[in-house]
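Here is a report for a reader meeting this structure for the first time. It goes through sheets, cores, a helix and some loop residues.

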Amino acid sequence: MAVLSISNAHLAYGHVPLLDGADFALETGERVGLIGRNGTGKSSLLKILAGIDKLDDGLLQLQQGLTSVYVPQEPELRAEATIFDVVSEGVAEARSLREIYERHDPADDLDAVLERIEHIGAWTWEQRVDETLHRLDLDGSRTIGHLSGGLKKRVALARALVAQPDVLLLDEPTNHLDLDAIAWLEGLLKDFKGSLLLITHDRAFLDNVANRIVELDRGQLRGYPGNFAAFQAAKQYELENEALANARFDKLLAQEEVWIRKGVEARRTRSVARVQRLQAMRAEHASRRDVQGKVKLDIDTGGASGKIVAELEDVSKAYGGRTIVGKFSGTILRGDKVGLVGANGAGKTTLLKMILGELPPDSGSVRLGSKMTVAYFDQMRDALNLDATLADTISPGSEWIEIGTQKKHVKSYLGDFLFSPARADSPVRTLSGGERNRLLLARLFARPANVLVLDEPTNDLDIETLELLEELLADYDGTVFLVSHDRRFLDNVVTSTIVSEGEGRWREYEGGIEDWLTQSRRAASIAAKQAPAPAPVAAPAPAPVVATRKKLSYKEQRELDEIPAKIAALEAEQTQLNALLNGSELYSQGAGRIAEVTARAGAIDEELLALMERWETLEAR
């Protein structure tokens, strides 16, 4: 049953319709991920469903008595208030009813007040707030003005959850959250009993939380069952079919245009119906909104840096008696793509500044490479002048820009980043958050650099641009330092990960997030197995565990080495089959094909389990 819906919805800013006769319904208990390109109107739609903005035309319907809470990208919280006071705003009605009942004013309808108190559980609102604060690990006595961005987002979520709404509307909830907080939020939203509609570009988050994906594309809302992986498979099939249909239509239109322009004899024998059909086809072609082009990304690396970018030996840094970095050693070579991972406040920026020679260590040594040209991407976007035009931001005082040996007009270059020529003279302040990030990327890539420092570049970027940025960085010849909490993005870009392990300890792992988690779990498992069991006092000391380990045979060692690749192949096949099962294409291929895919999906689960058990057995030996 739908808890809210829009029908034949229209909304426009300027000449481009954001919603063009769109329909959408949110069902009870659904967890829907809303995706689409930057500037297509996702946040506007969320505000309409929250009752903050209104449609130009169309119908918004809400279930009677429905309660919904909207959490924006940048929540507005009273800086002077405590966390307890702000979270208590979520139970404002309960507080008000309790106050009315307790003052015993004869003018109040106390029977109605009492009935409402019982209905919403207003007697225990303080307990609800305390339980929510405890669940979200928040100290209710702290002042909002002293909190980090991640903690402020957590407070806003607590204020929303304590209200126990029927519908939760979240706009980019993972922005400013570290990896632990994102994992915590995933669990929280999976346990949420109401309906959920969220905007996010974190693909791993969508895979773990959403059970339906809705895409806002060219003014229309299209739903796809399943998570983001299932959406990708279905969308690719849909776009291929759309391209074929458009090509057939354009070919027929071209043939009809040739016919209408034939000589006098043909015109005398024209079919009136055929002329009318041609006029209808012309109108349909004129009104068609084709798929918007992709961002074109390219980086001018300039001259190559030296082979060694930075060499650190036992570097340490402390502030106020707290160790931020303790005795870290590492070598960064030209072409390395390094991810820095840690909780907010762990010291990622401090370590990065020491690697780049911008901050001297308290102890230890840092040796920097030669010929380094560094370009920065600032997550807070402070580097943008909001009153400057887009063109001046890219190329101040000139209409042309040089990228390597190529010279481009600034409007053409902005067009590569999906900014129309008409917007080149618009001020930066008119851009959305995602568009500002795209403009920062345009400016960053316009300057020669052989070292890129990207601090949360994925915030607010749409998924297509993220995927193109991944491809660009993978092919980039220079060195990349990437600070991000987007797990999928890190996994697809970095060659190594420097991870905060608490109390100033930092360690470098080969690969991305999944590789780090696998290696750390394996190391912990081996350490636990090798730890000697406590022996009775009178008994002789146990022999070291290593001495009792039986060496693997050549065949067994080879089998162990091949298991990770086999697991990866099975998981990739499993993803494809799940996408088929969650899509619509499979069910048009007959019962035999459906049974085949279903059986194979079940068999993969068993094969994966057997491989995992075999891996554990061989590792233990």
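## A three-stranded sheet

Ala318 stands opposite Thr323, a residue of strand 11. The model shown here is predicted. The strands concerned are strand 10 (residues 308-319) and strand 11 (residues 322-333). They run antiparallel and are joined by 8 bridges. Another of their facing pairs is Glu311 with its bridge partner Thr331 in strand 11. The two strands make a hairpin with 2 residues between them. There, Gly320 takes a positive phi near 55 degrees.

Strand 10 has a further partner. It pairs with strand 13 (residues 363-368) in the antiparallel sense, over 5 bridges. Here Glu313 stands opposite Ser365 of strand 13. The result is an open sheet of 3 strands in the order 11-10-13, with antiparallel pairing. Strand 11 and strand 13 are the edge strands, each pairing on one side only. On average, neighbouring strands of this sheet are turned by 15 degrees against each other, direction ignored.

A helix completes this picture. Helix 12 (residues 348-355) lies across strand 10, strand 11 and strand 13. Its direction is at about 135 degrees to strand 10.

## A six-stranded sheet

Another open sheet has 6 strands, in the order 5-6-7-3-8-9. Its pairing is mixed. Strand 5 (68-71) and strand 9 (220-225) stand at the edges. Each has a single partner strand, so one side of each is left without a neighbour in the sheet. The twist averages 15 degrees from one strand to the next.

Within this order, strand 6 (residues 167-171) and strand 7 (residues 195-199) pair in the parallel sense over 5 bridges. Leu170 stands opposite Leu198 of strand 7.

## The cores

The largest nonpolar core has 50 residues. Val155, Leu168 and Leu189 have the most contacts inside it. Helix 6 (residues 149-162) gives the most to this core, with 7 residues. Apart from this core lies another, of 43 residues, among them Ala442, Leu454, Leu466 and Leu490.

What does Leu189 touch, not counting residues up to four places away in sequence? Its contacts are Arg31, Leu168, Leu170, Leu196, Leu198, Phe205 and Val209. Leu170 and Leu198, the facing pair of strands 6 and 7, are thus both in its list.

## An enclosed helix

Helix 1 (residues 42-49) is largely enclosed by the rest of the structure, because 6 of its 8 residues are buried. The buried residues are Lys42, Ser44, Leu45, Leu46, Ile48 and Leu49. Just after this helix, Gly51 takes a positive phi of about 85 degrees.

## Two glutamates with positive phi

Most residues other than glycine have a negative phi. Two loop residues depart from this pattern: Glu456 and Glu503. The table sets out their values.

| Residue | Phi | Loop between | Relative accessibility |
|---|---|---|---|
| Glu456 | near 50 degrees | strand 17 (451-455) and helix 16 (463-475) | 7% |
| Glu503 | about 55 degrees | strand 19 (496-500) and strand 20 (506-510) | 71% |

Is each one buried or exposed? Glu456 counts as buried, because its relative accessibility is 7% and the cut-off for buried is under 20%. Glu503 counts as exposed, because its relative accessibility is 71% and the cut-off for exposed is over 50%.

Conventions:
Residues are numbered from 1 along each chain as its sequence is written. This is a predicted model: local features need pLDDT of at least 70, side-chain atom pairs count only at pLDDT 80 or more; totals for chains, interfaces and linings use all residues. Side-chain values use heavy atoms; hydrogens and water are left out. A nonpolar core is a set of buried Ala, Val, Leu, Ile, Met, Phe, Trp, Tyr and Cys residues joined through side-chain atoms within 4.5 Å. Buried means under 20% relative accessible area, exposed over 50%, partly exposed in between (1.4 Å probe, protein chains only). Helices (H or I, at least four residues) and strands (E, at least two) are DSSP runs, numbered from the N terminus. Contact means heavy atoms within 4.5 Å. Two strands pair if DSSP finds at least two bridges between them. Axes are lines fitted to C-alpha atoms, for helices over the stretch in contact, and angles run from 0 to 180 degrees between N-to-C directions.
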